[in-house]
Amino acid sequence: MADYFHFHPSYLSSLVKKEFSKNLKDLLTDVRMSEASKLLKNTDMTIENIVLEVGYTNHSYFYKIFKKTYGMTPNQYKIKLTNQRKTKTE
């Protein structure tokens with residue numbers, strides 16, 4: 001990313017930290033988890049496809065980060081959403 005913007009990596013990192021109060025890795029994780037949540041809510045994509053769609057190649061790592069972020073596995077999250085939808089329509 002630094003190459004793309006023609007910045008030194010350390011300078012880009014400090015800009016991101018100053019602007020968002022998070023380092024680049026944490027910011028990227030937040031964006032990926034938010035997108036994964038949206039995909040789980042709004043599509044019928046499999047979790048495996050969502051993992052790839054949001055930019056992870058290691059499924060285990062995705063599951064670990066998702067559980068840390070949302071307090072449940074992606075499958076539990078999807079089941080919870082499904083149950084909430086059923087409750088709303090009844």
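**Exercise 1. The loop at Ser21**

Task: Place Ser21 in this predicted model, and decide whether Ser21 is buried or exposed.

Solution.
- Step 1. Find the element. Ser21 sits in the loop that links helix 2 and helix 3.
- Step 2. Check the backbone. Ser21 is not a glycine, yet its phi is positive, about 60°.
- Step 3. Take the accessibility. Ser21 has a relative accessibility of 59%.
- Step 4. Apply the cut-off. Exposed means over 50%, so Ser21 counts as exposed.

**Exercise 2. Another positive phi**

Task: In which loop is His6 found? Is His6 buried or exposed?

Solution.
- Step 1. Locate the residue. His6 is in the loop between helix 1 (2-5) and helix 2.
- Step 2. Read the phi angle. His6 has a positive value of about 60°, and His6 is not a glycine.
- Step 3. Classify the surface. The relative accessible area of His6 is 73%, so His6 is exposed.

**Exercise 3. Val16 and its contacts**

Task: Determine whether Val16 is buried or exposed, and list which residues Val16 contacts beyond its neighbours within four places in sequence.

Solution.
- Step 1. Assign the element. Val16 belongs to helix 2 (residues 9-20).
- Step 2. Use the accessibility. Buried means under 20%. Val16 has 7%, so Val16 counts as buried.
- Step 3. Collect the contacts. With neighbours within four places set aside, Val16 meets Ser21, Lys22, Asn23, Leu24 and Leu27.
- Step 4. Take one pair further. Val16 and Leu27 are eleven residues apart along the chain, and 8.7 Å separates their C-alpha atoms.

**Exercise 4. Lining the largest pocket**

Task: Which residues line the largest pocket, and which element gives the largest share of the lining?

Solution.
- Step 1. Get the volume. The largest pocket holds about 160 Å³ of space.
- Step 2. Name the contributors. Two or more lining residues come from each of helix 3 (24-42) and helix 5 (59-70).
- Step 3. List the lining. The residues are Lys25, Asp26, Thr29, Asp30, Tyr61, Lys64, Ile65, Lys68 and Thr69.
- Step 4. Weigh the elements. Helix 5 supplies five residues, the largest share of the lining.
- Step 5. Sort by character. The lining has five charged residues, two polar and two nonpolar.

**Exercise 5. Thr29, a residue of the lining**

Task: Thr29 is one of the residues lining the largest pocket. Is Thr29 buried or exposed, and what does Thr29 touch when residues up to four places away in sequence are not counted?

Solution.
- Step 1. Place the residue. Thr29 is in helix 3.
- Step 2. Classify. Thr29 has 18% relative accessibility, so Thr29 counts as buried.
- Step 3. Find the partners. Outside the residues up to four places away, Thr29 touches Tyr56 and Ile65.
- Step 4. Link back. Ile65 also belongs to the lining of the largest pocket.

**Exercise 6. Two loop residues with C-alpha distances**

Task: For Thr73 and Gly55, say in which loop each residue lies, and how far apart the C-alpha atoms are in the pairs Thr73 with Ser37 and Gly55 with Lys41.

Solution.
- Step 1. Start with Thr73. Its loop runs between helix 5 and helix 6 (74-89).
- Step 2. Classify Thr73. At 21% relative accessibility, Thr73 is partly exposed.
- Step 3. List its contacts. Neighbours within four places aside, Thr73 is in contact with Phe66 and Lys67.
- Step 4. Compare sequence and space. Ser37 is 36 residues from Thr73 in sequence, and their C-alpha atoms are 11 Å apart.
- Step 5. Turn to Gly55. Its loop lies between helix 4 (47-53) and helix 5.
- Step 6. Classify Gly55. Its relative accessible area is 39%, so Gly55 is partly exposed.
- Step 7. Take the distance. Gly55 and Lys41 are 14 residues apart in sequence and 18 Å apart from C-alpha to C-alpha.

**Exercise 7. The whole chain**

Task: How many helices and strands does the chain have, and is the chain spread out or compact by the globule rule?

Solution.
- Step 1. Count the elements. The chain has six helices and zero strands.
- Step 2. Write the order. From the N terminus it reads α-α-α-α-α-α.
- Step 3. Test the globule rule. For 90 residues the rule gives 12 Å, and the radius of gyration is 16 Å, well over that value, so the chain is more spread out than a compact globule.
- Step 4. Add the box. Along the principal axes, the C-alpha atoms fill roughly 55 × 25 × 20 Å.
- Step 5. Check burial. Of the 90 residues, 23% count as buried.
- Step 6. Check the surface. About 6,800 Å² is exposed, with 54% of it from carbon and sulfur atoms.
- Step 7. Check the contacts. Among contacts with a separation of 6 or more, 40% join residues 24 or more positions apart.

Terms used. Residues numbered from 1 in each chain as written. Predicted model: local features only at pLDDT ≥ 70, side-chain atom pairs only at ≥ 80, totals over all residues. Heavy atoms only, no water. 1 Å grid on protein atoms, 1.4 Å probe; cavity = no way out; pocket = protein on both sides within 12 Å on 5 of 7 lines; lining within 4 Å. Points joined across faces, edges and corners; volume = space filled by probe spheres on them. Helix = DSSP H or I, 4+ residues; strand = E, 2+ residues; numbered from the N terminus. Nonpolar A, V, L, I, M, F, W, Y, C, P; charged D, E, K, R; others polar. Rg over C-alpha atoms; globule rule 2.2 N^0.38 Å. Buried < 20%, exposed > 50% of the residue type's maximum accessible area, 1.4 Å probe, protein only. Contact = heavy atoms within 4.5 Å. Areas by Shrake-Rupley, 256 points an atom, 1.4 Å probe, with all protein chains shown as cover.
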